[in-house]
Amino acid sequence: MLRITKLTDYAVLVLSDMVRPEGDARAARDVAEATRIPQPTVSKVLKLLARSGLVASERGKNGGYRLARSADSITVADIVDAVEGPIAVTECSADKRGCCDLEGHCPTETNWVRINDAIRLALRGITLADMVRPNLPVLIPLRRIAGEA
């Protein structure tokens, strides 16, 4: 099963809470309270997001965190990359070379890369602004596989 980590799921929730018309900075404790995620976890997520440039931190009386870019320009792929690193469904579909003894000779290698690229493309096609909107339209036409009920 392909699955994102709980930390990435939390990062999407944290960023979703920060999508506000006024764009005010949010303290980690306020985000934790609003999202019901423990504050130490929110702080960890915010540090990862700040390191990747998705949020900016401000010190002082009115300090906190705010989106560094508009919600329309932050993709789910950006969020996954910030928390987990580059998307790779297999070792051979990652950007690193020399991770597999079969590299360059594996009959399925190119197809895993194609699958990885398709997943990455799908995640790039969904923005943070999309994630806070309910009832997104279906992005990929689903079809039944032969033999499925």
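Guide: Let's begin with a term. A helix axis here is a line fitted to the C-alpha atoms over the stretch in contact, and the angle between two axes runs from 0 to 180 degrees between their N-to-C directions. Please keep in mind that the model in front of us is predicted.

Visitor: Thanks! What do the axes of H2 and H3 do, and at what angle do they cross?

Guide: In general, two packed helices are described by the angle between their axes and the distance between the axes. In this model, the axes of H2 and H3 come within 9 Å and cross at roughly 120°. The crossing of H2 past H3 is right-handed.

Visitor: Which residues of H2 and H3 make the contact?

Guide: From H2 come Ala-28, Arg-29, Val-31, Ala-32 and Thr-35, while H3 brings Gln-39, Val-42, Ser-43 and Leu-46. By character, the residues of this contact are five nonpolar, three polar and one charged.

Visitor: What lies in the loop between H2 and H3?

Guide: Arg-36 lies in that loop. The general idea is that most residues other than glycine have a negative phi. Arg-36 is not a glycine, yet its phi is positive, at about 65°. With a relative accessible area of 78%, Arg-36 is exposed.

Visitor: Let me step back. How many helices and strands does the protein have?

Guide: There are six helices and two strands. Following the sequence, you meet them in the pattern α-α-α-β-β-α-α-α. To see how far along the chain the fold reaches, look at contacts between residues at least 6 apart in sequence: 59% of them join residues at least 24 apart.

Visitor: What share of the residues is buried?

Guide: Of the 149 residues, 34% are buried. On the outside, the protein exposes about 10,200 Å², and carbon and sulfur atoms supply 53% of that area.

Visitor: Which residues touch the most other members of the largest nonpolar core?

Guide: The general idea first: in soluble globular proteins, nonpolar side chains tend to be buried together. Here the largest nonpolar core has 25 residues, and Val-14, Leu-15, Met-18, Val-42, Leu-49, Leu-67 and Ile-79 touch the most other members. At least two residues of this core come from each of helix H1 (6-18), helix H2 (28-35), helix H3 (39-51), strand S2 (64-67), helix H4 (76-84) and helix H6 (128-131). Apart from this core lies another one, of five residues, including Ala-77, Val-80, Ile-87 and Ile-126.

Visitor: What does Leu-15 touch, leaving out residues up to four places away in sequence?

Guide: Leu-15 touches Leu-49, Leu-54, Val-55, Leu-67, Ile-79 and Leu-128.

Visitor: Where do H1 and H3 meet? I would like to start from Val-45 of H3.

Guide: Val-45 touches Leu-7, Tyr-10, Ala-11 and Val-14, setting aside residues up to four places away in sequence. An α-helix has 3.6 residues a turn, so residues three or four places apart point the same way. Val-45 and Val-14 are 31 residues apart in sequence, but their C-alpha atoms are 7.9 Å apart in space. Why does Val-45 count as buried? Buried means under 20% relative accessible area, and Val-45 counts as buried because its relative accessibility is 1%.

Visitor: And what does Thr-41 touch?

Guide: Thr-41, also placed in helix H3, touches Leu-7 and Tyr-10, not counting residues up to four places away. Thr-41 and Tyr-10 are 31 residues apart in sequence, with 8.3 Å from C-alpha to C-alpha.

Visitor: Which residues are buried in H4?

Guide: Val-76, Ala-77, Ile-79, Val-80, Ala-82 and Val-83 are buried in H4. The buried residues of H4 pack against H1, H3, helix H5 (109-124) and H6. After H4 comes Gly-85, with a positive phi near 95°.

Visitor: Is Thr-8 of helix H1 buried or exposed?

Guide: Thr-8 is buried, with a relative accessible area of 1%. Beyond its neighbours within four places in sequence, Thr-8 is in contact with Ile-79, Val-80, Val-83 and Glu-84.

Visitor: What about Arg-120 of helix H5: buried or exposed?

Guide: Arg-120 has a relative accessible area of 17%, so it is buried. Leaving aside neighbours within four places in sequence, Arg-120 is in contact with Ala-77, Asp-81 and Ile-87.

Definitions and conventions. Residues numbered from 1 in each chain as written. Predicted model: local features only at pLDDT ≥ 70, side-chain atom pairs only at ≥ 80, totals over all residues. Heavy atoms only, no water. Core = buried A, V, L, I, M, F, W, Y, C linked by side-chain atoms within 4.5 Å. Buried < 20%, exposed > 50% of the residue type's maximum accessible area, 1.4 Å probe, protein only. Helix = DSSP H or I, 4+ residues; strand = E, 2+ residues; numbered from the N terminus. Contact = heavy atoms within 4.5 Å. Left-handed = near helix turned anticlockwise from the far one by under 90°. Nonpolar A, V, L, I, M, F, W, Y, C, P; charged D, E, K, R; others polar. Areas by Shrake-Rupley, 256 points an atom, 1.4 Å probe, with all protein chains shown as cover.
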